[in-house]
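Reader: I am new to this structure and would be grateful for a close look at a single part of it, namely the aromatic residues and their surroundings. Please give one connected account.

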Amino acid sequence: MFHRCGSPNKYKRLDAKLEKKLIELKRSSSGKTNFKSMNSIIMRFPQFKEELKHIRGVFEQYDEDANGNIDMEELKKCLQNLQLNLKEEEVEDLFHSCDIDQSEGIQFNEFIVLLCLIYLLVEHSSSPLRMSKMGSPELEATFDTIVKAFLFLDKNGAGKLNKKDMIKALNEDSPWEKSPAHITRSRFKEMDWDRNGKVSFREFLFSLINWIGIDADEEIPVSTRT
């Protein structure tokens, strides 16, 4: 489904930060969740799609040469204007970890993932993310709901998903009608695109964006075609 992104350890620093943040959020939630099953997450897909489309205007604003990609310098300008004071290495880690086709440019779908990663890293710290500047007051709530969906699937609170978690989630709707094993394996394989047996929040986001069909009526980048 996705091209592999170099060495499995290439983004270890960023993924470690994301896992730590997710573990903290899982603990602080005390098991409280708005989701009861995988189906309850799927039911939110139309809402996710509509709200995430609002990011298109932000993407086009900072894609100054209108080539369909945001390069490193354009991204730095974007983050600066949004008053996000990230370290140089953090910006580089985010850029390269979201540039899944290694084109040295962030496409729209990748930009959505990048902003959600920043939301997770920044929003719950001392520096609030200025979501209002992106033209949608509901965007912050949408990112928050996506994070909560991941936390629901992360049964062990490990900050990443394993196959056992996913099988349990897929079968919770109708425990007497369990999904065939090949289907659950297929769904997990779609998310685990570096084939390490675990699904990071970053991998989850790319799969989610693909499933909800952002820009489904437009040409889908090669990196996200099935």
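Author: A suitable place to begin is F108, which counts as buried because its relative accessibility is 5%, under the 20% cut-off for that class. The model in which this residue is examined is a predicted one.

F108 belongs to an aromatic pair, and the structure holds 7 aromatic pairs. Its partner is F59: the ring centres of F59 and F108 are 5.7 Å apart and the planes stand at 70°, so the pair is edge-to-face. Because F59 lies in helix 4 and F108 in helix 7, the pair ties together parts that are 49 residues apart in sequence. F59 has a relative accessibility of 2% and therefore counts as buried. F59 and F108 also form one aromatic cluster with F111.

Helix 7 covers residues 108-122, and Y119 lies in this helix too. The ring of Y119 pairs with that of F143; their centres are 5.8 Å apart and their planes are at 45°, so this pair is tilted. F143 is part of helix 8 (residues 139-153), so the pair ties together parts that are 24 residues apart in sequence. Both partners are buried: Y119 has a relative accessibility of 2%, and F143 has one of 0%.

The loops beside these helices deserve a word. Helix 4 (55-62) and helix 5 (72-81) are joined by a loop that contains A66. The phi of A66 is near 55°, a positive value in a residue other than glycine. At 66% relative accessibility, A66 counts as exposed. E104 occupies the loop between helix 6 and helix 7, and E104 likewise has a positive phi, about 65°, although it is not a glycine.

Helix 6 (residues 88-98) in turn packs with helix 1 (residues 12-29) at an angle of about 100°, their axes being 9 Å apart. Helix 1 is therefore roughly perpendicular to helix 6. Helix 1 contributes R13, L14 and K17 to the contact, while helix 6 contributes E89, E90, D93, L94 and S97. By character, the residues of this contact divide into 2 nonpolar, 1 polar and 5 charged.

These parts belong to a protein chain with 11 helices and 2 strands. Of its 226 residues, 47% count as buried. Among contacts in the protein chain between residues at least 6 apart in sequence, 68% join residues at least 24 apart.

How values were computed:
Residues numbered from 1 in each chain as written. Predicted model: local features only at pLDDT ≥ 70, side-chain atom pairs only at ≥ 80, totals over all residues. Heavy atoms only, no water. Helix = DSSP H or I, 4+ residues; strand = E, 2+ residues; numbered from the N terminus. Buried < 20%, exposed > 50% of the residue type's maximum accessible area, 1.4 Å probe, protein only. Contact = heavy atoms within 4.5 Å. Axes fitted to C-alpha atoms, helices over the stretch in contact; angles between N-to-C directions. Parallel < 35°, antiparallel > 145°, perpendicular 65-115°, else oblique. Nonpolar A, V, L, I, M, F, W, Y, C, P; charged D, E, K, R; others polar. Phe/Tyr/Trp six-rings, centres within 6.5 Å; stacked < 30°, edge-to-face > 60°.
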